[in-house]
Amino acid sequence: MSWILLVEQTLNGLQFGVMLFLMAAGLTLIFGVMGLINLVHGSLYMIGAFAAAAVAAATGSFLLALIASLAAAAAAGVVVETTVIRRLYDRDHLDQVLATFALILIFSEGTRWVFGSFPLFLDPPDYLSGSVSLPFGIEYSRYRLSLIVVGLAVAAGLFWMIAKTRIGIRIRAGENDREMIGALGIDISSLYTLVFALGAALAGLAGALIGAIQSVQVGMGEPVLILAFVVIVIGGIGSIKGALIGAILVGLTDTLGGFLLPKLFALFLSPSAATSVGSSLASMSIYILMAGVLLVRPKGLFGGV
Amino acid sequence: MKREFLLNGGLLILLVVIPAVAWFTDEPFLITLVTRAVIFSIAGIGLNFALGFGGLVSFGHAAFFGLGGYAMGILAYHAQTYTPMLEWPVLVEGTNSMMIIWVIAIVVSALAALAIGALSLRTTGVYFIMITLAFGQMLYYFTISWSAYGGEDGLSIYVRNGFPGLNTMDPIQFFIICYVLLLVVVYGVYRAEKSPFGLMLQAARQNEDRVQAVGQVPYRLYLTAFTISGAITGLAGALFADLNRFVSPSMLSWQTSGEIMIFVILGGVGRVFGPVAGAALFVLLEHSLGGLSEYWHIYLGAILLGVVLFARGGLFGLIAGREVAHD
Amino acid sequence: MSLKPLLAAICTAALATGAQAEGLKVGMITTLSGGGAGLGIDVRDGFVLAVEQSGRDDIEVVVEDDQRKPDIAVQLADKLIQSEKVDVLTGIIWSNLAMAVVPGAVAQGKFYLSPNAGPSPLAGRGCHQNYFNVAWQNDNLHEAAGAHANSTGYEKTFILAPNYPAGKDALAGFKRFYEGDVAGEIYTKLGQTDYASEIAQIRASDADSVFFFLPGGMGISFLKQYADSGVDLPVVGPAFSFDQGILQAVGDAALGVHNTSQWSKDIDNPTNAAFVESFQAKYGRLPSLYASQGFDTANLLMSAMDSADVTDQDAFREALKAANFSSTRGDFEFGPNHHPIQDIYVREVIKEGDVYTNRIISVGLEDRGDAYAAECQM
């Protein structure tokens, strides 16, 4: 095993992590500000991917496709928030889980009804395809490298927005004391809609970016949704910083676990048994990580005391 | 309280009358459907014990449902192929006796619930929901890659397990077994709810400090409730596997956890009979909507949404009124 | 539970006893909703097309959606057998659903014709006289891929498949015929969508070619990421990642890839030409191999109805076994375990106008049966 391969795998883990962050950031904001468990986030991811595929097919422009994914997911987010989600803020978690579970059913079958049962086509643009040479003789996919850059840029933008802008101040105020921001004369309901739309747009963007190298199909959002929940629980629910660190931790664990565990077992098991045991353990690894973190810190890494 | 009592009685009678009529009119499939509802009821009652009485929102109960199923699948598989389950250190043979399988399913899922509960109960709220989900997913991926017992393909057994004096392959006789078990579970849960333990558990859900003040440890109450809850759901899993003569990892998927939760919420959280009404309604919806359109999940989603938004307290809340608090 | 299903049940019971028509009733359990619905829809459409073209009125088809869930499939089988009283079952796409349904159905004296799944237990020790597979044994296409790797001169192939029984069968099937060295062997997570890690390992290995079995969305993801990675080793795989339904979603990334299939739209015989044309005319899309399997299944069934009545099980079984129908695949016959003996072709992905499709370049395996027939005792 060469160290170049290890570096490449680490980059892969990082890329997976920053894409998870785009999903997790919205989830954790929505929970932090509104106290809502939002299972429908995976559907917004799917909507972003489908919108991007449809626009890319019609116009041929990847940039327009990305804008469409942001717009479509944000619009879907606003519609869902104002019609349904709004009624769930003062309910218990149980009602929230069930209502958003119901929304998943509606969105998934609705998308299938509109776009049919076959996967759609979405490809990275020509200027981002192929590979680039990094220092020390590392070859890496240009598109994946762009994903890392975009993901980190969005993360930086988000941190800046929350720390410096007026909206950010309101969001932080909302996380700390919900009654207080109402007393200060801020329109809570439009703040909530805004936060939800922001989270939705990030999920939609993630869907489009990932859809270009994976398959755009109904149900693509649910596995990512579960992973995003793992991320925010590890990071501490409500914490953007936690979401970023949790996402990268999960991305690295999943990628390096799947790569290293079979090799580890190959040291003392027969090759086929090692692959089989190693792959099984690798598929459980992030859940083991999550359980481990929660046992040491029951509120996640950055979830307060 | 009176209306709820009538509703309970009505449900129990309906669950007998429909199969009886189906039996006379030779519609065995209707009996199978009602059996399905009865088994789902038991699973829901199991979850409701933790969720309704203890306030523990578990998003991982599919794990116990699946463990019960696999207990049945593995024992019956070894009995059918005449292979021992374990040769060392002691010889363990498979079995196809339903009663032994039930006991083992209950013990296995109770132990799993004890272990998962002991770890998960260190967290609360959303973290509890998510850590139970994580344990569920862990077991799900484990069964998928467990190739000795079929992995993702699952395990098929060709005939149902035996029960002394009955032909379990006959739909009506298998229904009777499940129905009697439902009655036993309902009675047991009803007694537990009224017992000192049950009262203390419900008190702990409402106010932990007060329970601590009288010298009880909420953690232990919750853990006991979670263990009992897992055991009941495990029993339902064994029955479900026997109904289908098949067990597979899909019994442990997070969607199954969601469905068990749906039974509880559709019927009404925290009422002994809530999951029975919820499971019956779910099977009815699944069966009647499925015939309407390929896109029936849309309707199912809309109905669920309607129940959560407008019929708080589920079917029971709607019909029997909000007499029991469902904070 | 309301009174309505009860009344409905009583009514159908009355009708069933009153109007027991001559002819045959088929129950089709297939996946029409959720992930993977495209395959079930193709099988159903192919089957229905054949029945319509025959113009027969003595065959009734009841279609049910299993949502790709084994327990739903078992429940539907119970319903079709107990309440619809069907004579023949068919339609299941996935091996795990077939393993859940088929043993019970044939034990109850029903015929089962498999239009897609061919798990090894049902071909070997678990074979049954009433079970007929009209598609392939699961290993077949992988075996042909192994044989093709030999004839192309690959000596170090990197192989990967998902970590579940069909994935393990796939790699075993490939290695059964492949004579070169295995440069690396990876089991991926079922449903995995990101293959960056696997592709990196392929790049780092000294392989001269890649064999993969990743059906459906997994294959789309793998091919796109592989094309994007700059690794340019030749790829070979079974048709499941290159069927008509998903090729359009893969796009250029699939062009030129060799894949193995028992069917292709350019197999040169009149039945196939007519099938491709009429399917396209009716549904507005090109047929996939799944559609061809549904079409062949229906034609096999109707050929048996011509020479025997389903109430005479032994005669009907013989009639099925004779396989006296014209298949879209040309020659078609059953082996001793009621699985096909047929040619498996190697195809290449091409672009016809705007549409991605396949064309045959060679025959991978001729008259291939399967590796499990010897274990089958009927």
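## Where chain C meets chain A

Two residues count as being in contact here when their C-beta atoms, placed from the backbone, lie within 7 Å. By that yardstick, in what is a predicted model, the contact between these two chains draws on 31 residues from chain C and 38 residues from chain A. On the chain C side, five helices and strands each put in at least two residues: α2 (37-54), β7 (181-188), α8 (196-204), α9 (217-229) and α10 (244-250). The biggest share goes to α9(C), with seven residues.

As for chemistry, the side of chain C that touches chain A splits into nine nonpolar, 17 polar and five charged residues.

## Where chain B meets chain A

Over at the other contact, 34 residues come from chain B and 36 residues from chain A. Three helices of chain B each supply at least two residues to the side that touches chain A, namely α5 (125-144), α10 (254-267) and α12 (296-310). Top contributor is α5(B), which hands over twelve residues.

Sort the side of chain B that touches chain A by class and you get 25 nonpolar, eight polar and one charged residues.

## Helix α2 of chain B

Now for a single helix in chain B. The 26 residues of α2(B) ought to cover 38 Å at 1.5 Å a residue, and the end C-alpha atoms sit 36 Å apart, so the two figures agree. There is a bend along the way, though: α2(B) turns by about 35 degrees at B:Leu47. The helix is mostly covered, with 26 of its 26 residues buried.

What about the two ends? Ahead of α2 (28-53) comes a loop from α1 (2-24), and B:Asp26 lies in that loop of chain B. The phi of B:Asp26 is near 60 degrees, which is positive in a residue other than glycine. Most residues other than glycine have a negative phi. B:Asp26 counts as partly exposed because it has 13 C-beta neighbours inside 10 Å. After the helix, B:Gly55 follows α2(B), and its phi is positive too, near 70 degrees.

## Two domains in chain C

The domain assignment for chain C gives domain 1 as 23-136 + 268-338 and domain 2 as 140-261 + 344-374. Taken over C-alpha atoms, the centres of domain 1 and domain 2 of chain C are 26 Å from each other. Where they touch, 16 residues of domain 1 of chain C are in contact with 16 residues of domain 2 of chain C. On the domain 1 side, the elements giving two or more residues are α2, α5 (120-123) and α12 (289-307) of chain C. That side of domain 1 breaks down as seven nonpolar, eight polar and one charged.

One of those contributors, α12(C), has 19 residues and reaches 28 Å from its first C-alpha to its last, close to the 27 Å expected at 1.5 Å a residue. Like many a well-tucked segment, it can be put in numbers: α12(C) is mostly covered, with 15 of its 19 residues buried.

## Two residues to look at in chain C

Is C:Arg68 buried or exposed? It counts as buried, because it has 22 C-beta neighbours inside 10 Å and the cut-off for buried is 20 or more. To find C:Arg68, go to the loop between β2 (59-65) and α3 (70-82) of chain C. From C:Arg68 to C:Phe242 is 174 residues in sequence and 21 Å in space, C-alpha to C-alpha.

C:Asp367 belongs to strand β13 (residues 355-368) of chain C. Its phi is near 45 degrees, a positive value in a residue other than glycine. With 13 C-beta neighbours inside 10 Å, C:Asp367 counts as partly exposed.

## Chain A: confidence and one exposed proline

How confident is the predictor about chain A? The mean pLDDT of chain A is 86, and 98% of its residues reach 70 or more. Among the elements of chain A, helix α7 (residues 178-183) has the lowest mean pLDDT, 70, while helix α3 (residues 62-83) has the highest, 93.

A:Pro135 sits in the loop between β1 (131-134) and β2 (138-141) of chain A. Since just 5 other C-beta atoms lie within 10 Å, A:Pro135 is exposed. A:Pro135 and A:Asp254 are 119 residues apart in sequence and 25 Å apart in space, C-alpha to C-alpha.

Notes. Residues numbered from 1 in each chain as written. Chains lettered and ligands numbered in written order. Predicted model: local features only at pLDDT ≥ 70, side-chain atom pairs only at ≥ 80, totals over all residues. Helix = DSSP H or I, 4+ residues; strand = E, 2+ residues; numbered from the N terminus. Nonpolar A, V, L, I, M, F, W, Y, C, P; charged D, E, K, R; others polar. Buried ≥ 20, exposed ≤ 12 C-beta atoms within 10 Å, placed from the backbone. Expected span 1.5 Å × (residues − 1). Bend = angle between axes of the 7 residues up to and from the residue. pLDDT = per-residue confidence, 0-100. Domains from an automatic or database assignment.
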